[in-house]
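Visitor: I am new to this structure and would like a close look at a single part. Could you take one place where two helices pack and describe it with care?

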Amino acid sequence: MSSNVTPTAKPVKSTGLHVGEAEPGVRKVDPILTADGVKRTFGGLTAVDVDHVEIPRGAITALIGPNGAGKTTFFNLLTGFDKPDEGKWEFDGRSLAHVPAYRVARMGLIRTFQLTKALGLLTVMDNMKLGAKGQTGESLFRSILPFVWRKQEDEIEAKAEELLVRFKLDAKKEDYAASLSGGQRKLLEMARALMSDPTLVMLDEPMAGVNPALTQSLLDHILDLKSQGMTVLFVEHDMHMVRHIADWVIVMAEGRIVAEGDPHTVMEDPAVIDAYLGAHHDTDLGATDTENVEVLKELIDDEQ
Amino acid sequence: MIDWITIFSNAAQELISPTTAAYALAALGLAIHFGYTGLLNFGQAGFMALGAYGYAISTLSFGFPVWAAVLVAIGASVIFALILGIPTLRLRADYLAIVTIAAAEILRLIFTTNTFDAITGSATGLQGYKTGLAALNPIPPGTYGFGPFTYNAFDWWIRIVGWTLVVLFALLTWLIMRSPWGRVIKGIREDEDAVRALGKNVYSYKMQSLILGGVYGTFAGMIFIMPRAVVPANYQTSLTFFIYAILLLGGAATIFGPIVGSMIFWVLLSFFSGFVARAVEVGWFPFMTQVQAGQLRFILVGIAIMLIVIFRPQGIFGNKKELAFVK
């Protein structure tokens, strides 16, 4: 999709994030999010079974893996949208177990969705304003008294305006979000997430369905988040994107974490190749899974 | 010959009748539930019944003054909203629809059963609760007005009270829907998971909306019983569907929609029933009896709802972009 798209400036990679050998569950120098023994089953299927994982602070971490590896389920578990059967997980030293999704968001862990959730019949500006935290006017009783929340509302509007300019959506601010293109909705969702000044931004497939022209600016925006001191965790299938912007890569397969490392070394890990192609990738099985072959080709291309 | 003047003047009276005001208020409450929050409340008749019985029982059985009776009615519908909302608001929207329609029927059957005859008056209902409100009437006794709008002091008084309440609640709705609270509510209508991911307690907002719209319904119930007696048969499921018809006619996510919708609905209903009854009398519809003619107007209402949904899904005042039945 985006084989010739690279960020405008060569991103500055963060290094020295881990302690000891880069292996699944390796300790990080400064983890922002840690998960221990998180397990989620749907009937007989174990969707997620993560022994230990730490997400490094102030870096861009990519979560990759073949379809059905449990990446989105893991996202849902971390953000309170789903409850694990067992396990502990902490954000900034605070336990997230039994914390409802909206409280997780208030702690500063904001997520986006794989299927974009722009609020279609609200204007772009209203979408943005909704993202701001701690609004006085969001209480039913105070909402009747405009003078109580007017000043804060103006501040929020100014902030939203600034972000919309940055994301080049300012010309659309009075339009319904439903009138935006798929890529613009992704931008809006990301901009909206930033309204709450999050410390950790979790993006579920930020590039899915985005045309190459917008991919460019999305990549730059994600790099921007890092330069502003935020931590980013994203799920992505596009290996070029992972390679170019991620500082750390976590590979999931069949619900487990099979490899971790910086983007260049992790791609050479035999466990990663197994995850994408199966352990018997060197024997001819007849029909091949085209998508996974695509991914591997991209990897090989990139290496050269 | 058909007496057109009577038909038209009867229809015109519905414009400002307390019943129209009551339906407008109930529809406004439903606009908060359905139009703004996306809650499928099919039990608005239940909230109205609680308003009617809450007011009448506390006046008749306990001798409460007007203000206390109103508070009892509000309290009853807040409790009712909590009972409905606590188990269902965490679930998908359809469950609320099922639970509300059943709960409203349960209420009606409780009010109908003979077991509580001493308090509820069972199927015959209650009357004689109007003295409290009548005592507050500042209009001196007499008959006022012109043409079809000629009423006695009490009739004017309940019209003034009813429509004042409608105006006040419309103003309140306008205020809260342009505030950040209204923004969250509309966001929930669009996608509650997205709003949750932005740190809003969706469950609490849905509960607030359910209670608020329910309180509107309660006030509607109290206005509704002023020109008539409290009879349980008035609070059937069809009452909820008439209110939905009004809401959809006017526009679900609008303020004027439910009010004007209620006026149009009642004027047309009165016109149709007057016309059909007279037409059968003079033999224009030889295939129809008087009893059948009485039911024909409801068939016409059904057809009208279908036509709205098909040809103008956003209602009269609605913005086509902002709300339609099918997304």
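**Two helices of chain B**

Guide: In this predicted model, helix α1(B) passes helix α13(B) in a right-handed crossing. The first of these helices, α1(B), covers residues 4–13, while α13(B) covers residues 256–281, and their axes come within 8 Å of each other and cross at roughly 155°. Because an angle over 145 degrees counts as roughly antiparallel, α1(B) is described as roughly antiparallel to α13(B). On the side of α1(B), the contact is made by B:Ile7, B:Asn10 and B:Ala11, and on the side of α13(B) it is made by B:Val267, B:Ser270, B:Phe271, B:Gly274, B:Phe275 and B:Arg278. Sorted by class, the residues where α1(B) meets α13(B) are five nonpolar, three polar and one charged.

To place this part in its surroundings, it helps to look at how chain B meets its partner. There, 26 residues of chain B are in contact with 29 residues of chain A. The helices α8 (153–177), α9 (180–190), α10 (192–197) and α11 (202–224) of chain B each supply at least two residues of the side that touches chain A, and among them α9(B) gives the most, with seven residues. By class, the residues on this side of chain B are 12 nonpolar, five polar and nine charged.

Methods
Residues are numbered from 1 along each chain as its sequence is written. Chains are lettered from A and ligands numbered from 1 in the order in which they are written. This is a predicted model: local features need pLDDT of at least 70, side-chain atom pairs count only at pLDDT 80 or more; totals for chains, interfaces and linings use all residues. Two residues are in contact if their C-beta atoms, placed from the backbone, lie within 7 Å. Helices (H or I, at least four residues) and strands (E, at least two) are DSSP runs, numbered from the N terminus. Ala, Val, Leu, Ile, Met, Phe, Trp, Tyr, Cys and Pro count as nonpolar, Asp, Glu, Lys and Arg as charged, and the others, Gly among them, as polar. Axes are lines fitted to C-alpha atoms, for helices over the stretch in contact, and angles run from 0 to 180 degrees between N-to-C directions. Angles under 35 degrees count as roughly parallel, over 145 as roughly antiparallel, 65 to 115 as roughly perpendicular and the rest as oblique. A crossing is left-handed if the near helix is turned anticlockwise from the far one by less than a right angle, and right-handed if clockwise.
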